[in-house]
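Here is a short briefing for a first look at this structure. Keep the sequence and the 3D view side by side as you read.

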Amino acid sequence: MDSIKHAVELARSAEQGARIVQPHSVGPQGNASDAIREIRLNSAHLEKNRIVAHGGISGQPGRYYDMLRTQVLQEMDKKGWQFLAVTSPTPGCGKTVTACNLAMSIARLPERSVLLVDLDLRKPTLATYLGFKPEHDIIDVLEGQDALASAVVEAAIGPTKMLVLPGSTTSHNSSEWMASQTMATLLERIKRDFRSRTVIFDLPPMLLGDDVISILPRMDAVLLIAAVGSTSVADIKECQKHLQRTPVVRVVVNKTAGAAEEGFYGYGYY
Ligand SMILES: Nc1ncnc2c1ncn2[C@@H]1O[C@H](COP(=O)(O)OP(=O)(O)OP(=O)(O)O)[C@@H](O)[C@H]1O
Ligand SMILES: [Mg+2]
């Protein structure tokens with residue numbers, strides 16, 4: 001079923017008070033070159049930020065991301081896609097949490113590697129969620145103050161490693177950066193230098209400005225995160241208008257109590 005239609009139906013049932021089972025309701029809880037700084041992540045910090053797909057936790061929460069991982073990778077492999085944008089209609093739907101979990105879940109596969117990029121230039125939170133303070137960030141790279149390699153870090157937990165291009169400073173020109181030739185060149189560079197990796201971009205919300213609309217043509221596919229209680233049918237329909245040319249690989253309907261017991265992802269094919 002068309003994933004957007006499916007999400008509309010899910011959101012509509014939520015508005016009508018029906019109970020929707022969701023991906024998870026977790027408790028609060030690559031191969032880099034030598035030049036790349038390595039950071040050891042802390043599992044307690046990750047779990048506090050709902051990042052549970054690092055393989056160190058037994059039980060359900062991480063498994064939902066593994067299911068999502070497999071479905072997303074199957075679709076991306078089939079089409080030869082490398083760049084996956086994670087976005088949502090409105091703020092706070094769980095984009096950053098989902099992007100981190102999906103990246104970790106993919107990174108746990110022995111033959112896969114990931115680069116996770118914070119492209120939410122207005123509100124970069126990836127590094128905070130993962131638990132490190134960047135020395136250099138994507139804005140430094142865009143401004144030409146730093147080479148890409150000095151901003152990328154290798155984040156490791158147990159045997160799992162992934163590369164992260166973090167943000168740290170809030171940009172007041174995010175809209176301009178997203179539409180710039182400098183950004184286009186950086187993305188081309190990432191495509192070339194990290195060609196063997198799946199690249200996951202944590203983006204801002206779609207309906208809060210033109211940042212996402214500007215960058216969508218450079219993405220291969222979109223993972224759309226909706227949240228029960230905060231995403232309306234109208235929001236999803238509005239996003240659909242901007243997603244005519246970029247395929248939606250899945251819609252995840254996030255934040256519904258009971259998901260852990262039911263084990264269900266609100267997703268579908270586009
Ligand atoms: N499945 C979930 N169940 C319960 N809470 C969740 C879930 N996913 C995320 N959250 C919580 O929702 C809040 C927002 O999550 P997150 O920062 O990932 O959203 P976001 O879409 O990236 O937000 P923003 O638009 O501000 O970037 C956080 O407090 C996070 O812990
Ligand atoms: Mg976010």
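## Pocket, sheet and confidence

The second largest pocket holds about 190 Å³ of space. The model is predicted. Its chain has an average pLDDT of 85. An open sheet of eight strands runs through the points below.

**Second largest pocket**
- Ile213, Leu216, Pro217, Met219, Lys241, His242, Leu243, Gln244, Arg245 and Thr246 form the lining of this pocket.
- Five of these lining residues are nonpolar, three are polar and two are charged.

**Largest cavity**
- The largest cavity contains about 30 Å³ of space.
- Its lining consists of Arg122, Pro204, Pro205, Leu208, Gly209, Asp211 and Val212.
- By class, that lining has four nonpolar residues, one polar residue and two charged residues.

**The sheet**
- The eight strands of the open sheet follow the order 1-4-5-3-6-2-7-8, and their pairing is mixed.
- Strand 1 (37-40) and strand 8 (248-254) are the edge strands, each pairing on one side only.
- From one strand to the next, the twist averages 25°.
- In general, the strands of a sheet pair through backbone hydrogen bonds, in either a parallel or an antiparallel sense.
- Strand 1 pairs with strand 4 (residues 153-157) in the parallel sense, over four bridges.
- Arginine 40 has alanine 156, in strand 4, as its bridge partner.

**Helices on the sheet**
- Helix 3 (residues 61-79) packs on the sheet.
- Helix 3 touches strand 2 (83-87), strand 6 (198-202), strand 7 (221-227) and strand 8.
- The direction of helix 3 makes about 165° with that of strand 8.
- Helix 9 (residues 181-193) lies across strand 2, strand 3 (114-118), strand 5 (160-165) and strand 6.
- Helix 9 runs at about 125° to strand 2.

**Confidence**
- A pLDDT of at least 70 is reached by 81% of the residues.
- Residues 13-33 stay under 50 in pLDDT. For this stretch, the model has 68 contacts beyond four places in sequence.
- Residues 259-270 also have a pLDDT below 50. In the model, this stretch has 53 contacts beyond near neighbours in sequence.

Definitions and conventions
Residues are numbered from 1 along each chain as its sequence is written. Chains are lettered from A and ligands numbered from 1 in the order in which they are written. This is a predicted model: local features need pLDDT of at least 70, side-chain atom pairs count only at pLDDT 80 or more; totals for chains, interfaces and linings use all residues. Side-chain values use heavy atoms; hydrogens and water are left out. Two strands pair if DSSP finds at least two bridges between them. Helices (H or I, at least four residues) and strands (E, at least two) are DSSP runs, numbered from the N terminus. Axes are lines fitted to C-alpha atoms, for helices over the stretch in contact, and angles run from 0 to 180 degrees between N-to-C directions. Contact means heavy atoms within 4.5 Å. On a 1 Å grid over the protein atoms alone, a cavity is a set of points where a 1.4 Å probe fits but cannot get out, and a pocket is an open set with protein on both sides within 12 Å along at least five of seven lines; lining residues have an atom within 4 Å of a point. Grid points are joined across faces, edges and corners, and a volume is the space filled by probe spheres set on the points. Ala, Val, Leu, Ile, Met, Phe, Trp, Tyr, Cys and Pro count as nonpolar, Asp, Glu, Lys and Arg as charged, and the others, Gly among them, as polar. pLDDT is the predictor's confidence in each residue, from 0 to 100.
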